[in-house]
Amino acid sequence: MPGFGRRWALLCLAAVGVMVAHASRNAEAQDESTEGLAGGQMVRGIVTTTAANRLAIKTDKGDTYQITVTDNTRIVKDRQPFKLTAVRAGDTVGAMGVLDAPTRTVHALFVMVVDAEEVKKAREGLGKVYIAGKVTAIDELKLTVQRPDGVSQVIAVDEGTSFRKGGRQLQSAIDGTGPSEVVPGGAPGGESITLADIKVGDNVAGKGELRGGIFVPSQLGVGDPSTRRRRRSEGAGSAGAPGPQ
């Protein structure tokens, strides 16, 4: 599939946006558009307005956040430096920094940008060229995955599917907090596991293809809940306040 490696990296970046903003409906009931990280709080949404030193974004839940940007804020798109003046309404961003919860303002240290066209591709590709979500049922070689768009999809694994658990890069793809190296020729990191290690309730993400109308992943990554909890704990300490509930 021409350009699939690049597309997969972009799709993982688009995870900060409206489609893959979270790989699952998290059982801990935290706001899906915010997440505690080591550098502060991550807020994800679609840009509604832009200004000289700030952005306004709307999350999946319809909440509006202000993202303030300074000369010290790192802004990237496609892993390259990007200018705030080039951000457009309709783009998706993930902004990490110190969250002022009462005013819903993030003083950003880092901003990732994905343009509207890539978000559209992410929507179209979910369930066709990649999968993300929470496992709700397992029946031998078939897994039912609750996707972040609310669709429940049955996928099938085979002898060509590889399984990994944890790893910082892989966890980022599953959490929707950054790009992944889960691309052809890339090293996904984490621990090699088997299908038997996957349980109902696990968060998964992986690339693959449709075969006879059913999605078959070539790689399937499984999130490590302990890593997730540790990151949230560190993030809450750095931010000084928990994210909105």
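## A first stop: Lys58

Lys58 lies in strand 3, and it makes a handy place to enter this predicted model. Is Lys58 buried, exposed or something in between? Its relative accessible area is 40%, and because buried means under 20% and exposed means over 50%, Lys58 counts as partly exposed.

Once the neighbours within four places in sequence are set aside, the residues in contact with Lys58 are Gly45, Ile46, Thr48, Asp63 and Thr64. Another residue to look for from here is Thr92, which is 34 residues away from Lys58 along the chain. The C-alpha atoms of Lys58 and Thr92 are separated by 9.4 Å.

## The chain as a whole

Now let us step back. The protein chain has 245 residues, and buried residues make up 53% of them. Its secondary structure comes to four helices and 16 strands. If you take the contacts between residues at least 6 apart in sequence, 64% of them join residues at least 24 apart.

## Two nonpolar cores

The largest nonpolar core holds 17 residues. Leu55, Ile57, Ile67, Val93 and Val111 have the most contacts inside this core. Two or more residues come from each of strand 2 (40–50), strand 3 (54–58), strand 4 (64–68), strand 7 (92–100) and strand 8 (105–114). Which strand gives the most? That is strand 8, with four residues. As general background, nonpolar side chains in soluble globular proteins tend to be buried together.

Val111 is a good residue to click on. Beyond its neighbours within four places in sequence, Val111 is in contact with Ile67, Thr73, Arg74, Ile75, Val76, Val93, Gly94 and Ala95. Apart from the largest core lies another one, of 14 residues, including Ile131, Val135, Leu143 and Phe215.

## Strand 5 and its partners

Strand 5 (residues 74–77) runs parallel to strand 8, and four bridges join the two. To find this pairing, look for Lys77, which stands opposite Val113 in strand 8.

Strand 5 also pairs with strand 6 (residues 80–81), this time antiparallel, through two bridges. Here Val76 stands opposite Pro81. Strand 5 and strand 6 form a hairpin with two residues between the strands, and in this hairpin Asp78 takes a positive phi near 55°.

## Helix 2, from end to end

Helix 2 covers residues 116–125, and Glu118, Val119, Ala122 and Gly125 are buried in it. Why do these four fall on the same side of helix 2? They cover an arc of only 130° around the axis, so they share one side.

At the N-terminal end, Asp115 acts as a cap: one of its side-chain oxygens lies 3.2 Å from the backbone nitrogen of Glu117. After helix 2 comes Gly127, which has a positive phi, near 85°.

## From Gly127 to Leu210

Gly127 leads us on to Leu210, a residue of strand 14 (residues 203–211). Gly127 and Leu210 are 83 residues apart along the chain, with a separation of 8.2 Å between their C-alpha atoms. Not counting residues up to four places away in sequence, Leu210 touches Gly127, Lys128 and Phe215. Phe215 has already appeared as one of the residues of the 14-residue core. Leu210 itself is partly exposed, with a relative accessible area of 41%.

## Strand 12 and its two partners

Which strand runs parallel to strand 12 (residues 162–165)? Strand 16 (residues 219–222) does, and four bridges join the pair. Ser162 stands opposite Gln219 in strand 16.

Strand 12 also pairs with strand 13 (residues 191–193), in the antiparallel sense and over three bridges. In this pairing, Lys165 has Glu191 as its bridge partner in strand 13.

## How confident is the prediction?

The mean pLDDT of the protein chain is 74, and 66% of its residues reach 70 or more. Among the elements, strand 11 (residues 152–156) has the highest mean pLDDT, at 97, while helix 1 (residues 4–13) has the lowest, at 42.

Two stretches deserve a careful eye. Over residues 175–188 the pLDDT stays under 50, and the model has 54 contacts beyond four places in sequence for them. Over residues 227–245 the pLDDT is also below 50, and this stretch has 47 contacts beyond near neighbours in sequence. Where pLDDT is low, the predicted coordinates should not be read in detail.

Definitions and conventions:
Residues numbered from 1 in each chain as written. Predicted model: local features only at pLDDT ≥ 70, side-chain atom pairs only at ≥ 80, totals over all residues. Heavy atoms only, no water. Core = buried A, V, L, I, M, F, W, Y, C linked by side-chain atoms within 4.5 Å. Buried < 20%, exposed > 50% of the residue type's maximum accessible area, 1.4 Å probe, protein only. Contact = heavy atoms within 4.5 Å. Arc of directions from axis to C-beta. Polar contact = N/O pair within 3.5 Å; in protein donor to acceptor, adjacent residues only side chain to side chain. Pairing = 2+ DSSP bridges. pLDDT = per-residue confidence, 0-100.
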